[in-house]
Amino acid sequence: ASAFPQTHSRDWALLSQHAQKKILDCGEVILKKGQPTDSLQMLVYGAAQESRDDQQPIRRRLGALWGELTWVLGRDMFNSSPCDVTITSDTAEVWTWRYETLDKLCAKNDRLAAALKDGFIRSASFKHGL
């Protein structure tokens, strides 16, 4: 709900069903700067630190997203992570969807596509202080 507040419960169940779910420990890396982004990742539980060269490290919490801009804008615009993302809580849960999976889920579901894009706009606005 924090990442995609406009998502219908049936669509959330569909997303949950298709997510690759991982439990990670403190210090594990979700993304490395320069790593190709081929999936959307969402922090479902726990905390992470996002480190970029152009700003102080930022603590990310429940609902934080990575890889959303590459999926929306295309790999020609964004195709690698601009930051390192490391788990900072004792444990964390991260859900991942490959872009191809999102394409298939949204192809016949305009309601889901709209809810995802709403969440992506919220995420980008928060990350970039818009």
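## Aromatic pairs

The count of aromatic pairs here comes to two. One of them is made by tryptophan 12 and tryptophan 95, which are stacked, with 5.6 Å centre to centre and 20° between the planes. Tryptophan 12 belongs to helix 1 (residues 9–18) and tryptophan 95 to strand 8 (residues 91–98), so this contact ties together parts that sit 83 residues apart in sequence. Keep in mind that we're looking at a predicted model.

The two partners don't share the same surroundings: tryptophan 12 is partly exposed, at 27% relative accessibility, whereas tryptophan 95 is buried, at 8%. Tryptophan 95 also pairs with tryptophan 97; here the ring centres are 6.2 Å apart and the planes stand at 75°, so this pair is edge-to-face. An angle over 60 degrees is what earns that label. Tryptophan 97, like tryptophan 95, is buried.

## One cluster, plus a lysine

Put the pairs together and you get one aromatic cluster, made of Trp12, Trp95 and Trp97. What lies over the face of tryptophan 95? That would be lysine 21, at 4.4 Å from the ring centre. So tryptophan 95 has a stacked partner in tryptophan 12, an edge-to-face partner in tryptophan 97 and a lysine over its face.

## The helix that carries Trp12

Back to helix 1, the home of tryptophan 12. Which residues of this helix are buried? They include Asp11, Leu15 and Ser16. Looking down the axis of helix 1, the buried residues fall within an arc of 140°, so they line one face of the helix.

The face of helix 1 turned away from that buried side carries Ser9, Arg10 and Gln17, and these residues are exposed.

## Salt bridges between loops

On to the charges: the structure holds six salt bridges. One of them joins aspartate 53 to lysine 33, with the closest N and O atoms 2.4 Å apart. Both ends sit in loops: aspartate 53 in the one between strand 4 (48–52) and strand 5 (55–60), lysine 33 in the one between strand 2 (29–31) and strand 3 (39–45). The pair links distant parts of the chain, 20 residues apart.

Is aspartate 53 buried or exposed? Its relative accessibility is 69%, so aspartate 53 counts as exposed. Lysine 33 comes out as partly exposed, with a relative accessible area of 41%.

## A network around Arg98

Aspartate 38 forms a salt bridge with arginine 98, and here the closest N and O atoms are 3.0 Å apart. Aspartate 38 is in the loop between strand 2 and strand 3, while arginine 98 is in strand 8, so this bridge ties together parts 60 residues apart in sequence.

Arginine 98 has another partner as well: glutamate 100, with 3.8 Å between the closest N and O atoms. That still qualifies as a salt bridge because the cut-off is within 4 Å. Taken together, Asp38, Arg98 and Glu100 are linked in a network of salt bridges.

How exposed are the members? Aspartate 38 is partly exposed at 32% relative accessibility, arginine 98 is partly exposed with a relative accessible area of 38%, and glutamate 100 is partly exposed at 36%.

## Where strand 8 comes in

Strand 8 turns up in both stories. Tryptophan 95 in this strand ties to tryptophan 12 in helix 1, and arginine 98 in strand 8 ties to aspartate 38 in the loop between strand 2 and strand 3.

Methods. Residues numbered from 1 in each chain as written. Predicted model: local features only at pLDDT ≥ 70, side-chain atom pairs only at ≥ 80, totals over all residues. Heavy atoms only, no water. Phe/Tyr/Trp six-rings, centres within 6.5 Å; stacked < 30°, edge-to-face > 60°. Helix = DSSP H or I, 4+ residues; strand = E, 2+ residues; numbered from the N terminus. Buried < 20%, exposed > 50% of the residue type's maximum accessible area, 1.4 Å probe, protein only. Lys NZ or Arg CZ within 6 Å of the ring centre and 35° of its normal. Salt bridge = Lys/Arg side-chain N within 4 Å of Asp/Glu carboxyl O. Arc of directions from axis to C-beta.
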